Amino acid sequence: MEELPGAFGTSASLTLRLGQIVFSSASLCFMCLDVGFYSYTSFSFLVTVMGLAIPWSITLFMVDAYSVFIQCLPIQKRLILIIVLGDMVMSYLSLAAACSAASVIDLLHEAGKSHCPAKLCGRYQLSAAMAFLSWFLSLASCLFNFWILPSL
């Protein structure tokens, strides 16, 4: 089996996981700086999804780190399939949460400053942007692992 950069057990995969952790955590922090986000369902959905993405990414970061630094974890088809399916689900959920939050932010911004002050809307926009970046890295990880799945 050839080693594809970004696939499970490579240093590029470790970097992808670290990016997912950073962007998911940033999205969660920017959204949770204000307690008023609970009044909008899409913001609560974004917080829930990012709350799921962080442990998923941390777990796979630790497994990747073990695989890269110790180099004794065998790559099995069943393990890669679980990672691909988990990444695919997290990718879909992250995209849905980021899109819904971005659309509500746009609606609040268009409604006027009474619904969303500039500082608060800016935080929500940063949170949605971080969620989009987290989605992009999750999708990349899913596609890299999906690419090596048939060769196992």
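Modeller: Before we begin, the expected span of a helix is taken as 1.5 Å multiplied by one less than the number of its residues. Please keep in mind that the model we discuss is predicted.

Biologist: With that in hand, what length is expected for H2 at 1.5 Å a residue?

Modeller: H2 has 30 residues, and the rule counts one less than that number at 1.5 Å each. From its first C-alpha to its last, H2 reaches 43 Å, which is close to the expected 44 Å.

Biologist: How many helices does the protein chain have, and how many strands?

Modeller: Read along the sequence, the protein chain follows the pattern α-α-α-α. The count that goes with this pattern is 4 helices and 0 strands.

Biologist: Into what box do the C-alpha atoms of the protein chain fit, and what percentage of its residues count as buried?

Modeller: Taken along the principal axes, the C-alpha atoms fill a box of roughly 60 × 25 × 20 Å. The protein chain has 152 residues, and the part of them that counts as buried is 41%.

Biologist: Which helices are included in what covers the buried residues of H1?

Modeller: Helix H1 runs over residues 11-32 and reaches 31 Å, close to the 32 Å expected for its 22 residues. Among its buried residues are Leu14, Arg17, Gly19, Gln20 and Met31. What covers the buried residues of H1 includes helices H2, H3 and H4.

Biologist: Arg17 is on that list, so is Arg17 buried or exposed, and why?

Modeller: Arg17 has its place in helix H1. Leaving out residues up to four places away in sequence, Arg17 touches Trp56, Ser57, Leu60, Phe61, Asp64, Ile83, Asp87, Ser141 and Asn145. Because buried means under 20% relative accessible area, and Arg17 has 1% relative accessibility, Arg17 counts as buried.

Biologist: Which residue forms a salt bridge with Arg17?

Modeller: Side chains of opposite charge can pair when their charged atoms come close. A search of the whole structure finds 1 salt bridge. This pair joins distant parts of the chain, 70 residues apart, with one partner in helix H3 and the other, Arg17, in helix H1. The closest N and O atoms are 2.7 Å apart, and the partner of Arg17 is Asp87.

Biologist: What is the relative accessibility of Asp87?

Modeller: Asp87 lies in helix H3, and a residue is called buried when its relative accessible area is under 20%. Asp87 counts as buried because its relative accessibility is 0%.

Biologist: Staying in helix H3, which residues does Ser91 touch?

Modeller: Ser91 is placed in helix H3, and at 3% relative accessibility it counts as buried. Ser91 and Ser141 are 50 residues apart in sequence, while their C-alpha atoms are 9.4 Å apart in space. Not counting residues up to four places away in sequence, Ser91 touches Trp135, Ser138 and Leu139.

Biologist: How far apart in space are Phe43 and Ser11, C-alpha to C-alpha?

Modeller: Phe43 belongs to helix H2 and is buried, with a relative accessible area of 0%. Apart from residues up to four places away in sequence, Phe43 touches Met31, Phe37, Ala101, Val104, Ile105, Leu108 and Tyr124. Ser11, which is 32 residues from Phe43 in sequence, lies at a C-alpha to C-alpha distance of 33 Å.

Biologist: Turning to the surface, what accessible area do Tyr66, Phe69 and Ile70 have together?

Modeller: Ile70 lies in helix H2 and is partly exposed, with a relative accessible area of 48%. With Tyr66 and Phe69, Ile70 forms a nonpolar patch on the surface, and their accessible area together is about 360 Å².

Biologist: Which residue follows H2 with a positive phi?

Modeller: The place to look is just after the end of H2, where a residue has a positive phi near 55°, and that residue is Gln71.
This can be set beside the numbering of the helix, since H2 covers residues 41-70, and the residue that follows is again Gln71.

Biologist: UniProt lists residues 79-105 under "transmembrane region", so how far apart are the end C-alpha atoms of that span?

Modeller: The listing comes from an unreviewed UniProt entry, which also names residues 21-40, 46-67 and 125-149. In the model, residues 46-67 are 100% helix, with end C-alpha atoms 31 Å apart. Residues 79-105 are likewise 100% helix and 0% strand, and their end C-alpha atoms lie apart by 38 Å.

Terms used. Residues numbered from 1 in each chain as written. Predicted model: local features only at pLDDT ≥ 70, side-chain atom pairs only at ≥ 80, totals over all residues. Heavy atoms only, no water. Helix = DSSP H or I, 4+ residues; strand = E, 2+ residues; numbered from the N terminus. Buried < 20%, exposed > 50% of the residue type's maximum accessible area, 1.4 Å probe, protein only. Contact = heavy atoms within 4.5 Å. UniProt positions renumbered as here; feature names shortened; annotations may be inferred. Salt bridge = Lys/Arg side-chain N within 4 Å of Asp/Glu carboxyl O. Patch = residues over 30% accessible without salt bridge, like charges linked within 9 Å, V, L, I, M, F, W, Y side chains within 5 Å. Areas by Shrake-Rupley, 256 points an atom, 1.4 Å probe, with all protein chains shown as cover.
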